[in-house]
Amino acid sequence: MHYELHPLCTLFPRMGGAEFDSLVADIKTNGLSQPITLHNGFILDGGNRYRACMEAGIEPRFVEFEGASVVSFVLSANLHRRHMTAGQQAAIVASAQDWAKAQTKGGDRGNQHTGGKVSADTLATAEDRAAQAGVSIATQKRADKVAKADPELAKQVAHGEESLPKAVAKVEGRKAPVKKPEPLPEDP
């Protein structure tokens with residue numbers, strides 16, 4: 001059976017290059033040390049491990065999610081164990097909050113394919129989201145602005161394809177800030 005990533009997991013950048021190759025080699029040598037968490041047929045945690053198992057020819061082990069909030073679980077399991085910038089973390093939390101709100105609107109229809117209880121309550125304020133992301137409130141508010149104006153651009157920030165300042169400039173319709181080069185020392 002083939003498993004897809006839960007929509008919340010797609011907010012996080014995928015492992016690649018030497019880092020992914022190292023994970024594949026480790027799983028070939030040592031097996032899968034931590035099971036992959038599933039919820040209603042979607043991978044909530046362990047997408048990179050799952051892909052590495054497939055490449056290594058190792059049968060993955062799975063556990064079923066039993067928590068109260070898929071949003072809280074996915075953020076807790078992934079947000080702070082990755083090498084991401086503050087802008088990426090803030091964009092992920094802003095996008096997760098928008099996803100959770102979308103799932104709760106329209107009743108059960110929004111949860112049919114991703115299932116489970118969804119709670120945006122823990123991300124209700126910019127302060128809550130900043131605390132979850134581990135960033136300043138100002139950074140979180142900028143990420144919230146991008147996520148609200150252009151969800152796809154917020155995903156690019158989350159994946160490290162665009163910086164948060166450049167994304168903010170785009171949604172505000174102004175030129176992105178440019179770092180001025182340091183002046184060269186004068187010849188004696």
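## Salt bridges

D144 is buried in this predicted model, with a relative accessible area of 15%. The side chain of D144 meets that of R129 in a salt bridge, with N and O 2.7 Å apart. R129 sits in helix α5 and D144 in helix α6, so the bridge ties together parts separated by 15 residues in sequence. R129 is buried as well, its relative accessible area being 8%. Both values fall under the 20% cut-off for burial, so the two partners of this bridge, R129 and D144, are classed as buried.

Helix α6 also supplies K145, which forms a salt bridge with E172. The closest N and O atoms of K145 and E172 are 2.6 Å apart. E172 belongs to helix α8, and the pair links distant parts of the chain, 27 residues apart. Here the side chains are not classed as buried: K145 is partly exposed at 40% relative accessibility, and E172 is partly exposed at 36%.

A further salt bridge joins the side chains of R49 and D45, at 3.4 Å from N to O. R49 counts as buried, with 11% relative accessibility. D45 is buried too, at 4%. D45 is also a residue of strand β3, which covers residues 42-45. The structure holds 4 salt bridges, including R49 with D45, R129 with D144 and K145 with E172. Side chains of opposite charge can pair when their charged atoms come close.

## Chain layout

The protein chain contains 8 helices and 4 strands. Read from the N terminus, the order of elements is β-α-β-β-α-β-α-α-α-α-α-α. Of its 188 residues, 43% count as buried. Among contacts between residues at least 6 apart in sequence, 68% join residues at least 24 apart.

One example of residues far apart in sequence involves R14, in the loop between β1 and α1 (17-30). R14 and H159 are separated by 145 residues in sequence, yet their C-alpha atoms are 7.9 Å apart in space. R14 is partly exposed, with a relative accessible area of 32%.

## Strand pairing

Strand β3 pairs with both β1 and β2. Strand β1 (residues 4-5) runs parallel to β3 (residues 42-45), and the two share 2 bridges. L5 has I43 in β3 as its bridge partner.

Strand β2 (residues 36-39) is antiparallel to β3 and joined to it by 3 bridges. In this pairing, L38 stands opposite I43. I43 therefore has a partner in each of these pairings under the DSSP assignment of bridges. β2 and β3 make a hairpin with 2 residues between them. N40, in the turn of this hairpin, has a positive phi of about 50°.

## Nonpolar cores

The largest nonpolar core comprises 34 residues. Those with the most contacts inside it are L8, F12, V71, L75 and I92. The elements giving two or more residues to this core are α3 (70-78), α4 (86-104), α5 (126-133), α6 (137-149), α7 (151-158) and α8 (164-172). Helix α4 provides the largest share, 8 residues.

Another core, of 13 residues, lies apart from the largest one. Its members include F20, V24, L38 and A56. L38 is thus found both in this core and opposite I43 in the pairing with β3.

## Helix α7

Which residues of α7 are buried? They are L153, A154, V157 and A158. Viewed down the axis of α7, its buried residues fall within an arc of 150°, so they line one face of the helix. An α-helix has 3.6 residues a turn, so residues three or four places apart point the same way.

After α7 comes G160, which has a positive phi near 80°.

## Cysteines

How many disulfides does a search of the whole structure find? The search finds 0. C9 counts as buried, at 5% relative accessibility. C53 is also buried, with a relative accessible area of 0%.

Technical notes: Residues numbered from 1 in each chain as written. Predicted model: local features only at pLDDT ≥ 70, side-chain atom pairs only at ≥ 80, totals over all residues. Heavy atoms only, no water. Core = buried A, V, L, I, M, F, W, Y, C linked by side-chain atoms within 4.5 Å. Buried < 20%, exposed > 50% of the residue type's maximum accessible area, 1.4 Å probe, protein only. Disulfide = S-S within 2.5 Å. Arc of directions from axis to C-beta. Contact = heavy atoms within 4.5 Å.
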